[in-house]
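Got your viewer open? Here is a short tour, one selection at a time.

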Amino acid sequence: MAAAPGCRCLFVRWSRMAQPVTTQQQLPGALPTRRLAPAMLVAGVVLGAAIVLGTLVLWFHYGTAVFFEMIASGIAACF
């Protein structure tokens, strides 16, 4: 079913309302996406390593029995 040559309102595939109001512009001073993803990955790895290192330090300092008792009492306090 084809539209009449002069009729533009019946079979329009794209509406003007569907178009973006403004174009995307890069904010001044914003980090590009290509640099942000690796930085977040490195920060996550560093944070994970710090948590594991802290866990090991507490484990060796307090011993396994005391360490596991602290974890168990912390979990029990939550419930």
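A residue counts as buried under 20% relative accessible area, exposed over 50% and partly exposed in between (1.4 Å probe, protein chains only). With that in hand, select Phe68: at a relative accessible area of 46%, Phe68 is partly exposed. Before going on, note that this is a predicted model, where local features need pLDDT of at least 70 and side-chain atom pairs count only at pLDDT 80 or more, while totals for chains, interfaces and linings use all residues. Residues are numbered from 1 along each chain as its sequence is written, and side-chain values use heavy atoms, with hydrogens and water left out.

Next, add Trp59, also partly exposed, with a relative accessible area of 30%. Rings of Phe, Tyr and Trp (its six-membered ring) pair if their centres lie within 6.5 Å; planes under 30 degrees apart are stacked, over 60 edge-to-face and the rest tilted. That rule gives one aromatic pair. The ring centres of Trp59 and Phe68 sit 5.3 Å apart with planes at 70°, so the pair is edge-to-face.

Now zoom out and colour by secondary structure: the protein chain has one helix and zero strands (DSSP runs numbered from the N terminus; helices are H or I, at least four residues, and strands E, at least two). Helix H1 covers residues 33-78, and Met70 is in it. Click on Met70 and you have a partly exposed residue, with 38% relative accessible area.

Then pick Leu56, which lies in helix H1 too and is partly exposed at 38%. Draw a distance from its C-alpha to that of Phe67, eleven residues away along the chain: you should get 9.9 Å.

Finally, select the whole protein chain: of its 79 residues, 1% count as buried.
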